[in-house]
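The exercises below ask you to read a protein chain step by step, with the sequence and the model side by side. Try each task before you read its solution.

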Amino acid sequence: GAYAGFPLLAGDRLLGTIAFITRTKTHFAEGEVQTIQTACDQVAAMLERMRLTRELRESEERQRLAIEGAGLGTWDVDMRTGEAVWNRRQYELQGYGVELDASLRNWQQRIHPEDAQRVMTEMEQARQTQSPVSLEHRLLRADTGELRWLSVYGRFTYDAAGHAIRLSGVSQDITDRKQAEQAGRESETFIRSVLDSLPEHVAVLNIDGVILHVNQSWEQFARANDGNELAAVPIGINYLDLFQVNTALEDPHACEARAQLQALLVGQIDSCAVEYPCDAPGQSRWFLMNGRRANNNTRHVVISHVDITANKLAEEALRNSEAFARRISEIAPNVIYIYDIDEKRNVWGNRGLFEELGYTQEQLDSMSGNLLETLMHPDDFARFPDHQIKLLTLQDGETADLEYRMRRADQSWITFLSR
């Protein structure tokens, strides 16, 4: 018998083997071997084609599933005839039924009139420069007239002469994204309008302290205070740098403001409030800096500055008035004191009170709620509740008098007329 084995090769890759066995011969002739080898080569080529065809189908199926999963419409246009091939999703995107003959013209008819010229211009530029087609446009669906947004990406195919013969690509519905972008722009516009309506000077910082946005009040203040370092702050400047000079000079207000702002930016605190002077030529001014993280957003901080000069002047005037009244009361010959009716204790008394009665402040404080009961004559103390009621019902401008006796520290009595 005779045996001959032949490998089935596709290039350098072994696909298998074929064996030939005969009992009638002791060997195969050279011509027979060549014939068998040729047949084996043909079998190997057929197997390789079958493998490539199977892999191509599998690849196409994967691509089809990926395209369908992504909601992509596919299209292939013959630029010489305008005829096209669309997948089912492309028909859906355009609002057409699949019975319609796909064409470049049918696609162009659905483009929003305001976008049509731009789309054609961009496609022509891509054709001339042999660049990819990448654009977005609105369309009006053929079935409902609904406005939708499409993202289109494709490439031209050229012949040997450089003429575009095909245009192939994909389309995707991006309406939801466009609506979200529009909502974001509207929200940003609304927020800006709210900030611009505030009288406070407002700035938005990132977590590094860089100024991202200021409102109109800030800008107006900056224009009115040209040359004032705190006010004239352009976008992109680090807000912490504004305190650098003053902190180097050990200005306590600048040091506190910078420390509070740094703690806010790194997340050690959620808000801060610092009062600081910001004088203009010939004018003393005070501001309140408020800082807060924006809606628990760790990426942005909102800083506002409120002019509190009027409050500071009022506080100073009040302190001056109180100091003046205290000086007057101290030098007045009369006895002046403040008695808390609810807590039944002496809150304050001028020097005349202590001189007339001979008690110290500590001795009066020790009597606490029993002060009047301890020092006032019993007969006069019995009339005090009626006097108290009268005091509580006084109208503006009305007065009430009470004549009563008080015991001095030396146990003698002194008569007062209280008004």
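**Exercise 1.** Find out which strands helix α5 (residues 175-197) lies across, and compare the span of α5 with the one expected from its 23 residues.

*Solution.* In this predicted model, helix α5 lies across β5, β6 and β7, and it runs at about 125° to β6. For the span, take 1.5 Å a residue, by which the 23 residues of α5 should cover 33 Å; the C-alpha atoms at its ends are 33 Å apart, so the two values agree. Next, look at the side of the helix that is hidden: Thr175, Lys178 and Leu195 of α5 are buried. The buried residues of α5 pack against β5, β6 and β7, and also against β8 (201-206) and β9 (211-214).

**Exercise 2.** Work out the order of the strands in the open sheet of five strands, and say which strands stand at its edges.

*Solution.* Following the pairing across the sheet gives the order β4-β3-β7-β6-β5, and the pairing is antiparallel. The edges are held by β4 (84-86) and β5 (133-140), and because each has a single partner strand, one side of each is left without a neighbour in the sheet. Neighbouring strands here are turned against each other by 25° on average, with direction ignored. To look at one pairing in detail, take β6 (residues 147-158) and β7 (residues 164-173), which pair in the antiparallel sense over nine bridges. In this pairing Gly154 has Gly169, in β7, as its bridge partner. Helix α4 (residues 113-129) also packs on the sheet, where it touches β5, β6 and β7, and its direction makes about 160° with that of β5.

**Exercise 3.** Locate Ala102 and decide whether it is buried or exposed.

*Solution.* Ala102 has its place in the loop between α2 (88-94) and α3 (104-110). Its relative accessible area is 10%, and since buried means under 20%, Ala102 counts as buried. Leaving aside neighbours within four places in sequence, the residues in contact with Ala102 are Glu83, Ala84, Val85, Trp86 and Tyr91. A further step compares sequence with space: Ala102 and Trp75 are 27 residues apart in sequence, while their C-alpha atoms are 8.9 Å apart.

**Exercise 4.** Examine helix α13 (residues 378-392) for its span, and find where its kink lies.

*Solution.* At 1.5 Å a residue, the 15 residues of α13 should span 21 Å, and the C-alpha atoms at its ends are 22 Å apart, which agrees. The helix nevertheless has a kink of about 35° at Phe384, shortly before the proline Pro385. Phe384 is also buried, as are Asp380 and His387 in α13. Among the elements that cover the buried residues of this helix are α12 (371-375) and β15 (402-407).

**Exercise 5.** Establish how many disulfides the model has, and describe how Cys40 and Cys255 are placed with respect to the surface.

*Solution.* A disulfide is a covalent bond between the sulfur atoms of two cysteines. With the cut-off that the two sulfur atoms lie within 2.5 Å, the count comes to zero disulfides. Cys40 counts as buried, at 1% relative accessibility, whereas Cys255 is partly exposed, with a relative accessible area of 30%.

**Exercise 6.** Describe the chain as a whole by its secondary structure and its buried share.

*Solution.* The secondary structure comes to 13 helices and 16 strands. Of the 419 residues of the chain, 32% count as buried. Finally, among contacts with a separation of 6 or more, 38% are between residues 24 or more positions apart.

How values were computed
Residues are numbered from 1 along each chain as its sequence is written. This is a predicted model: local features need pLDDT of at least 70, side-chain atom pairs count only at pLDDT 80 or more; totals for chains, interfaces and linings use all residues. Side-chain values use heavy atoms; hydrogens and water are left out. Buried means under 20% relative accessible area, exposed over 50%, partly exposed in between (1.4 Å probe, protein chains only). Two strands pair if DSSP finds at least two bridges between them. Helices (H or I, at least four residues) and strands (E, at least two) are DSSP runs, numbered from the N terminus. Axes are lines fitted to C-alpha atoms, for helices over the stretch in contact, and angles run from 0 to 180 degrees between N-to-C directions. Contact means heavy atoms within 4.5 Å. The expected span of a helix is 1.5 Å times one less than its number of residues. The bend at a residue is the angle between axes fitted to the seven residues ending there and the seven starting there.
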